[in-house]
Amino acid sequence: DFLNYIALKPSDFMQGKYLWTLLTSMFMHGGFFHLFVNMFVLFSLGNLSEKIIGRKRYLWFYLISGLIAGAMFVLLAYFFGGSDLGAMIFGSPEIAAVGASGAIFAIAGLFMILTPRLRFMIIFFPFFSLPAYIMIPLVLFGTWIVSYYAQFGVGNTAHFGGFLAGVIYGLYLRNKYKRKTQMIANYFSR
């Protein structure tokens, strides 16, 4: 019963129950490995992101992106996850989610727009790096495909929602601050 108060379950949320879990689920994790990977990536990407967009803007971006990611998870699981196939692709409305990876994928999406040539490595494959505009979508959709075929629960729709939030915010910043964002992109393309 305690999980109902912290984990985001689409069916409960859409019935108006435990609405705060849209926020609390971002700060909970499913075990040490989940927490370790999320915090390692958050530390790696978040530090630079905060320096690029500023501390206050970064905090709000992170929180709002996490909420958008959670909302995407809820909506797609609730409306499309009712069948076995739908649940495998979009998540089940009866299975709760926790984690910061939706907000972390938002940071990655932001990097993909602001620093498309910045080279990224995967934590478990440090010898393999690609530019952000290739690596980030590759990890996003690669995770989705692997989790589908391996049949283990991953919040892929939350990752996708966060990624979209990051891309949209990156496009907004790139449009509003053309000179600054071009300087950043140029700096990281070396």
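This is a short dialogue on reading features of a predicted model.

Q: Where should I begin with the strands, and which way do strand 1 and strand 2 run?
A: Start with a general idea. In a regular strand the side chains alternate between the two faces of the sheet. Now the case here. Strand 1 (residues 119-122) and strand 2 (residues 125-131) run antiparallel. Four bridges join them.

Q: Which residues stand opposite Arg 119 and Phe 120 in strand 2?
A: Arg 119 faces Pro 131 across the pair. Phe 120 stands opposite Leu 130.

Q: How many residues does the hairpin use to join strand 1 to strand 2?
A: Two residues make the link from strand 1 to strand 2.

Q: On to helices. What span does helix 6 reach, and what is expected?
A: Helix 6 covers residues 101-114, which is 14 residues. From first C-alpha to last, helix 6 reaches 20 Å. That is close to the 20 Å expected at 1.5 Å a residue.

Q: Is helix 6 mostly covered or mostly open?
A: Helix 6 is mostly covered. Of its 14 residues, 14 are buried.

Q: How do I describe the packing of helix 6 against helix 8?
A: Two packed helices are described by the angle between their axes and the distance between the axes. Here the axes of helix 6 and helix 8 (residues 156-176) come within 6 Å. They cross at roughly 35°. The crossing is right-handed.

Q: Which residues meet where helix 6 packs on helix 8?
A: From helix 6, the contacts include Gly 102, Phe 105, Ala 106, Gly 109 and Ile 113. On the helix 8 side they include Ala 158, Gly 162, Phe 163, Gly 166 and Gly 170.

Q: Take one residue in helix 8, Thr 157. Is Thr 157 buried or exposed?
A: Thr 157 has a relative accessible area of 1%, so Thr 157 counts as buried. Leave out residues up to four places away in sequence, and Thr 157 touches Ala 69, Met 72, Phe 73, Leu 76, Ile 89, Phe 90 and Trp 144.

Q: Where is Thr 115 found, and what does Thr 115 touch?
A: Thr 115 is found in the loop between helix 6 and strand 1. With a relative accessible area of 1%, Thr 115 is buried. Beyond residues up to four places away in sequence, Thr 115 touches Ala 132, Ile 184 and Phe 188.

Q: Ala 132 is also in helix 7. What span does helix 7 reach?
A: Helix 7 (residues 132-150) has 19 residues and reaches 26 Å. The expected value at 1.5 Å a residue is 27 Å, and the two are close.

Q: Which residues of helix 7 are buried, and what do they pack against?
A: Ala 132, Met 135, Ile 136, Pro 137, Leu 140, Trp 144 and Ser 147 are buried. The buried residues pack against helix 5, helix 6, strand 1, strand 2 and helix 8.

Q: How should I read phi, and what is the value for Gln 151?
A: Most residues other than glycine have a negative phi, and most peptide bonds are trans. Gln 151, just after helix 7, takes a positive phi of about 55°.

Q: What is the phi of Tyr 18, and where is its place?
A: Phi of Tyr 18 is near 50°, a positive value in a residue other than glycine. Tyr 18 lies in the loop between helix 1 and helix 2. At 22% relative accessibility, Tyr 18 counts as partly exposed.

Q: How many salt bridges does the count come to?
A: Side chains of opposite charge can pair when their charged atoms come close. The count here comes to two salt bridges.

Q: Which residue forms a salt bridge with Lys 9?
A: The partner of Lys 9 is Glu 94, with the closest N and O atoms 3.8 Å apart. This pair links distant parts of the chain, 85 residues apart. Lys 9 is in the segment before helix 1 (10-14), and Glu 94 is in the loop between helix 5 (84-90) and helix 6.

Q: How far apart are the closest N and O atoms of Arg 55 and Glu 50?
A: They are 3.2 Å apart, in a salt bridge. Arg 55 counts as exposed because its relative accessibility is 65%. Glu 50, at 23%, counts as partly exposed.

Q: Last, a loop residue. Is Gly 30 buried or exposed?
A: Gly 30 is exposed, at a relative accessible area of 58%. Gly 30 is found in the loop between helix 2 (21-24) and helix 3 (32-53). Gly 30 and Leu 3 are 27 residues apart in sequence and 11 Å apart in space, C-alpha to C-alpha.

Conventions:
Residues numbered from 1 in each chain as written. Predicted model: local features only at pLDDT ≥ 70, side-chain atom pairs only at ≥ 80, totals over all residues. Heavy atoms only, no water. Pairing = 2+ DSSP bridges. Expected span 1.5 Å × (residues − 1). Buried < 20%, exposed > 50% of the residue type's maximum accessible area, 1.4 Å probe, protein only. Salt bridge = Lys/Arg side-chain N within 4 Å of Asp/Glu carboxyl O. Axes fitted to C-alpha atoms, helices over the stretch in contact; angles between N-to-C directions. Left-handed = near helix turned anticlockwise from the far one by under 90°. Contact = heavy atoms within 4.5 Å.
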